[in-house]
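Me: I've got a new model up and I'd like to poke around in it, one feature at a time. Let's start with the loops and move on from there.

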Amino acid sequence: MTLTPPPLKNDCFALPPGTHWTPVDEALAELQARLHAVTGMETVSLDAALDRVLAEDVVAARSNPPQPNTAVDGYGLRHADIVEGPQVLPLVDGRSAAGAPFDGVLPAGHAVRVLTGATLPEGVDTVILQEDVTTNGAEIAFHGPLKNGANTRKAGEDVAAGDVILSMGRVLTPADLALLSATGTAEVQVRKRLRVAVVSTGDELAEPGSVARADQIYDANRPMLCAMIRRFGFEAVDMGRAPDDRAKLSAFLDGAAARADVILTSGGASAGDEDHLSALLNETGSMTLWRIAIKPGRPLALGLWQGTPVFGLPGNPVAAMVCTLVFARPAMGLLAGQGWQEPMRLLLPAAFSKNKKPGRREYLRARLVDGAVEVFQSEGSGRISGLSWATGLVELPDEAAVIAPGTPVTFIPYEGFGL
Ligand code: AMP
Ligand code: MG
């Protein structure tokens, strides 16, 4: 009997009928429901707190501002003394400057020199801008009326002592550090950094810097994944390259589980002869092969190795990156104690045309030109140059979509994924 190749079908690239492909949103909802923070806590000072995850709600120790003060350089006075039209007030001796308050009470019918940030002397409720007066050093002349409280800041108008200023799970920004410091907090309880082990798999992989055999390729995923993890604010644990050998890969996973809170592998996640990651996770009984309706990227092998979650990413670098951004990042965010992080999506006009079929979500490498979104010339999942060319991804809906220049599309800049 002669062996003949199976006939190609028209729909050979369509999704297999009768198979359930999990929609992206369903897969994400599963992750969101099942994962929780696994990291411990530690106390750090503000200078070590940037990008760390708050492990507690923070309450303002002090109000900001703590006392009423002046927002401008000018003259403090009593609003009740002011009439409409031109008028003159005598100046008292002394002044109130930031950090050097006026000592005493402003007598009725007088004004006092005040400088930005200075505590309002007792009796002062309103400040006139220095540009709005003329002065001979002993008096000021100006026009009324003035608004009661003009150019002043009330005590606690920004933050009142006791207010919750930042909530548990917050990833601290530079502005948050300003807020913490301003309200009198010098140390915060944060989550320990999530440790993420990265393993590449495949006999074809060589290390950059080494001489590669003609049939080898240099490992693209590991440097990319380690860098992404650092951008997410986690600690990357580079485990190196595992060969396509079940026992050896198993030893790599042992090492990764001992050193990290979560393991990201790439390659070997499908159901083929050399897909050892899938096979190993299958043996643990904890494995699910997620057949997700996404392009690029399926399948994703998820499981536990000695209790440590494993994300078995596809080997193709484009799929590995997309799956990391779409699935692994929010999942790791939960493990790190951040809560669920949605990417920042922008609706922008397309600068391309595409007829998208229904049944799966698609991510295209994209970038902005003159406020419109252009996509990379090829959707090939091995095209690493396109990942580098792009500044983000276009997210096309699960349903069918006809896109022409000008059609609004969802663009997620890499920064919108936390990169
Ligand atoms: P796999 O998922 O192991 O079947 O790999 C799918 C494709 O991705 C193959 O062409 C692999 O050679 C390629 N690939 C796997 N891992 C890497 C990697 N770390 N860097 C670059 N390409 C890879
Ligand atoms: Mg492989």
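Me: Where is the place of Glu84?

Reply: Ground rules first: this is a predicted model, in which local features need pLDDT of at least 70, side-chain atom pairs count only at pLDDT 80 or more, and totals for chains, interfaces and linings use all residues. Residues are numbered from 1 along each chain as its sequence is written, chains are lettered from A and ligands numbered from 1 in the order in which they are written, and side-chain values use heavy atoms, with hydrogens and water left out. Strands are DSSP runs of E (at least two residues; helices are H or I, at least four), numbered from the N terminus. On that numbering, Glu84 sits in the loop between β4 (74-77) and β5 (85-96).

Me: Is Glu84 buried or exposed?

Reply: Take buried as under 20% relative accessible area, exposed as over 50%, and partly exposed as in between (1.4 Å probe, protein chains only). Glu84 comes out at 66%, so it counts as exposed.

Me: By what distance are the C-alpha atoms of Glu84 and Gly144 separated?

Reply: Strand β9 covers residues 139-144. Along the chain, Glu84 and Gly144 are 60 residues apart. In space, their C-alpha atoms are separated by 4.3 Å.

Me: Which residue does a cis peptide bond join to Gly144?

Reply: Most peptide bonds are trans. The one here is cis, with omega about -5°. The partner lies in the loop between β9 and β10, and it's Pro145.

Me: What is omega for the peptide bond from Asn64 to Pro65?

Reply: Pro65 is in the loop between β2 (58-59) and β3 (69-70). The bond leading into Pro65 from Asn64 is cis, and its omega is near -10°.

Me: Which order do the strands of the open sheet have?

Reply: Two strands pair if DSSP finds at least two bridges between them. The sheet has six strands with mixed pairing. Read across, the order is β7-β4-β6-β5-β9-β8.

Me: And which strands stand at the edges?

Reply: An edge strand here has a single partner, so one of its sides is left without a neighbour in the sheet. That applies to residues 126-129 and 134-135, which are β7 and β8.

Me: Which residue stands opposite Thr135?

Reply: β8 and β9 pair in the antiparallel sense over two bridges. Across from Thr135, in β9, stands Ile140.

Me: What relative accessible area does Val133 have?

Reply: Val133 is in the loop between β7 and β8. Its C-alpha atom and that of His143, 10 residues away along the chain, are separated by 8.1 Å. Val133 is buried because its relative accessible area is 13%.

Me: Which residue's backbone oxygen does the side chain of Thr152 reach?

Reply: Thr152 belongs to strand β10 (residues 152-153), and at 17% relative accessibility it counts as buried. A polar contact is a pair of N or O atoms within 3.5 Å (inside protein, one must be able to donate a hydrogen and the other to accept it, and sequence neighbours count only if both atoms are side-chain atoms). At 2.7 Å, the side chain of Thr152 reaches the backbone oxygen of Gly149.

Me: What is phi of Gln306 near?

Reply: Most residues other than glycine have a negative phi. Gln306, in the loop between β20 (300-305) and β21 (308-313), is exposed at 57%. Its phi is positive, near 50°.

Me: Is Asp370 buried or exposed?

Reply: Asp370 is in the loop between β24 (361-369) and β25 (372-375), and phi there is also positive, near 50°. With 82% relative accessibility, Asp370 counts as exposed.

Me: How many disulfides does the structure hold?

Reply: A disulfide here is a pair of cysteine sulfur atoms within 2.5 Å. The sulfur of Cys323 is 17 Å from the closest cysteine sulfur, in Cys226, so that's too far for a bond. Cys226 is buried at 3%, as is Cys323 at 1%. The disulfide count is zero.

Me: Where does ligand 1 make its contacts, and how much of it does the protein bury?

Reply: Glu204, Asp219, Ala220, Gly268 and Gly315 come nearest of the 13 residues around ligand 1 (a heavy atom within 4 Å). Nitrogen atoms of the ligand lie 2.7 Å from a polar side-chain atom of Asp219 and 2.9 Å from a backbone N or O atom of Ala220, while one of its oxygen atoms is 3.1 Å from a polar backbone atom of Gly315. Alone, ligand 1 exposes 490 Å² (Shrake-Rupley, 1.4 Å probe), and the share buried by the protein is 73%.
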